[in-house]
Amino acid sequence: MRPLSMDLSNFRSYLSESIELTALKVALINGRNGNGKSTLIDAITFPLFGRGSADKIDDYVTLGKTDMSAALSFELGGNTYRVIRNRTTNGRGKSSLELQQLINGEWESKSGATAPETEERIRKLLRMDYEGFIASAFVVQGEADKFSKQKPAERKATLANILGLDAYSEYESQAKEKAKGTEVDLKVVRNQVQELETRTANKPTLEAQLVTVEAEIVSIEDQLKEKETALNQLIEKRANLQAAEIRIMDINTQIAGIQKEINDLNNQIPLLERKTSDANKLKDQIPSLEKRISDTEKLTANKDKIISSANEAKVVRGQISEQDETAAANSELELERSKIQTEVTKIDGLIYQGKSKLEANIQNFKIQIKNAKQQAKPLEGLECQNPTCQLIKGAVEARDKIPGLNKQLEEETIKLDTGNYADELKQQKEALKSKLMEIDIQIEILEYDQKSHQDLKIKLVDLERYERLAPALENAEESKRLAQDQIDQIHTTIKEKQDDITEQINQINILIKAKQDAITGFELDKMSLEDDAKESVEVSLNITTLESQIRILREKLGNQQAARGAIRKSIDELTELDVKLIDSRTKLDSLAADLTDWNDIARACGKNGIQAVIIENSIPEIEREANNLLARMSSGRFSLELLTQKPSKTAKVTETLDIKISDSGLGVRPYETYSGAEKMMIDLAIRISLSKLLTRRAGATIRTLVLDETSSALDAQNRSQFLQIVNTLREDFDLILVISHQEDVQDAFDQRIEVYRTDEGSKARVIA
Ligand SMILES: Nc1ncnc2c1ncn2[C@@H]1O[C@H](COP(=O)(O)OP(=O)(O)O)[C@@H](O)[C@H]1O
Ligand SMILES: [Mg+2]
């Protein structure tokens, strides 16, 4: 860091001032006390760190003003930066900070999101904090002994700060952070490894199982192949047998068909035979035809008789006709007679009825009389005949009826005895009897002879038989010849039909014979096929057995394949896990290595590691530089020694940075025992050597030395020696600012900033 310019506004005693430092190399800031010299150092530290000689931030605002601004531009690592820090006391007060970098002639903001972030960026750029600054290169007013008066441990911390060891501390904490993270990862991966190891431990068992299962599968597959081959052979055989069975069925059908044809043919024979007998039936006609011939012959022989009989039949027929008339008249009379006879019989009945009625009446009266007498009987010898008595009354009335009844009986008895009844009927009977006698006379006159009438009729019947033959006589010869022809025809027909039928039967028999031969052929085929078919049941049985065996084997195979699949899957999973395990182990190893590395790095970067080494290595250099300066300032009187370790009571080594100062005349004695000027020489020697160290450290950032009123306490000779020494340091620093109010130091510097006061606040004039 090399300051280039500063722009101040209401900054402490400065109201408005811009100071150009570019041209300066080793410059004296000169002016009276209170003019604003030390304020220019604040103008460097305040923008950079927000700190300086004042206690509170508002103290940097000019009294009576509310808004302050301090801008510092500087060169660092070949770049130009600018820091602007503002403060307003208005209200509760407000600060702002801006970091900029000059890029291609333009200021670009490099600020963070917040002021603390920006401050952190500045600190990182400078690689040092305010405390490090004022303990080393910035020897602010009254703080020259800042390092010397520090406790040994603080001193070491300052040295570490000067040496930029906080970077290593940063590395250490980063490495520790990494180590911590790595440990967490390590724990996770170690658990993973353990889990994977537990899980993959089962793999050999599974692999052994797989071998067993695969062997079993091969054996089952072999068995299956064997059985399936056998089954296929049997199925083929069965197909052949089934074809044979079908062929047998076919033959049976054919035999049945032929048998039916034979039967049909056989059935035709009786039909044909019947036709023969039908033909023979024609013979039945022959006797009637022969009879006709003989009848015709007979007719011819009785020719005369037939003719005379025919003539007589005519005569007799006339006689019968006459007789028929007489018979009719006679039967009419007979009918009349029979009617009358019936009438007579009827009248006889009626007469008899009259006699019967009379006899009944007589019998009735006799009973009435007898009853009356019986009723009147109690009256015999009886005195009292009072009719009022009911019993007596009836008896009296019965007795009184008897005489009447006797008279009626007598009258009726006379009628019966004399036959004096039914007179009219008897007269009608007599009339009818005379009619009968008349009819009898007429019948006698007719002289009808029933016997001769009957005989004529019989005779006619006989005659009519000849009479009927008469017409036949006329074509008798023709009829005889026809009959003879018919007979001859019948014989011929019968002969023809019989020949035809015999021929047909012969043909049928030939057919039957052929068909029976065919059946015999089929039967032979069938027999040989049936011999084969006998095997069919056994084959089917074997097929069923094989099929069920195959089914069982397939099931077994399926189960084993499933088991194999499951085992393979498990093994695959475990193989994957093995890969993962290897990965995890590799990761574990690498993490363990990382952890070791990070721990090593942390240790290496730690206070006891590289930091200690750097400090140890820096000590002789500081000592050499400091003793060189001190010897020149004290004319070889003083020398110092820095001790970084001392054994403690507990035999441990205590980290420390002790300063031992030797006075050439008096040996080693404590710092406190030296005078103020002596102390100042010692302080400056140490501070300058530290500042030089700072310029040589890696990535040297602070190449500015500030010495505020450090020579004031020295006597003139020492002061002059000191100022000469400062001038010799010009090659070591980019800028050296020496502040002094003393006027006698002016000659020692070619370049100056004169600080003075005006009504417009402090002013600084650069004389280069
Ligand atoms: N906030 C302020 N407002 C006005 N003046 C101030 C303020 N702070 C300090 N001062 C004055 O500025 C002057 C410069 O002080 P300083 O730079 O220490 O002087 P020196 O030149 O002696 O180093 C002093 O008189 C001091 O009282
Ligand atoms: Mg001062």
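How many Å separate the centres of domain 1 and domain 2, taken over C-alpha atoms? I looked this up at the outset, noting that the model is a predicted one. The centres of domain 1 and domain 2 are 207 Å apart, taken over C-alpha atoms. I recorded the bounds as well: domain 1 comprises 1-127 + 701-768, and domain 2 comprises 346-474.

**Entry: the magnesium ion**

I next looked up which atoms coordinate ligand 2, the magnesium ion. I found Ser-38 through OG and Gln-141 through OE1, at 2.2 to 2.3 Å. The two residues are 103 residues apart and link distant parts of the chain. Ser-38 sits in helix H1 (residues 37-49), whereas Gln-141 is in the loop between strand E8 (138-139) and helix H4 (152-162).

I then checked the exposure of both residues. Ser-38 has a relative accessible area of 23% and is therefore partly exposed. Gln-141, at 45%, is likewise listed as partly exposed, because exposed requires over 50%.

**Entry: ligand 1**

I turned to the surroundings of ligand 1 and noted 15 residues around it. Those that come nearest are Gly-34, Gly-36, Lys-37, Ser-38 and Thr-39. H1 gives the most to this shell, with three residues. By class, I recorded two nonpolar, eight polar and five charged residues in the shell.

For individual contacts, I noted the following. Ser-38, already entered above for the magnesium ion, places a backbone N or O atom 2.9 Å from an oxygen atom of ligand 1. Thr-39 has a polar side-chain atom 2.7 Å from an oxygen atom of ligand 1. With Arg-12, a polar side-chain atom lies 3.5 Å from a nitrogen atom of the ligand. I also noted the cover: on its own, ligand 1 has 580 Å² of accessible area, and the protein covers 70% of this.

**Entry: helix H4**

Which residues of H4 are buried? I listed Arg-155, Lys-156, Thr-158, Leu-159, Ala-160, Asn-161 and Ile-162. After the helix I found Gly-164, whose phi is positive, near 70°.

**Entry: Glu-245 and Lys-534**

I finally looked up Glu-245, which is found in helix H6 (residues 203-281). Glu-245 has a relative accessible area of 29% and is partly exposed. I compared its position with that of Lys-534: the two are 289 residues apart in sequence, yet 9.9 Å apart in space, C-alpha to C-alpha.

Notes. Residues numbered from 1 in each chain as written. Chains lettered and ligands numbered in written order. Predicted model: local features only at pLDDT ≥ 70, side-chain atom pairs only at ≥ 80, totals over all residues. Heavy atoms only, no water. Donors = N, O, S within 2.8 Å, 3.2 Å for Na, K, Ca; no water. Helix = DSSP H or I, 4+ residues; strand = E, 2+ residues; numbered from the N terminus. Buried < 20%, exposed > 50% of the residue type's maximum accessible area, 1.4 Å probe, protein only. Near = heavy atom within 4 Å. Polar contact = N/O pair within 3.5 Å; in protein donor to acceptor, adjacent residues only side chain to side chain. Areas by Shrake-Rupley, 256 points an atom, 1.4 Å probe, with all protein chains shown as cover. Nonpolar A, V, L, I, M, F, W, Y, C, P; charged D, E, K, R; others polar. Domains from an automatic or database assignment.
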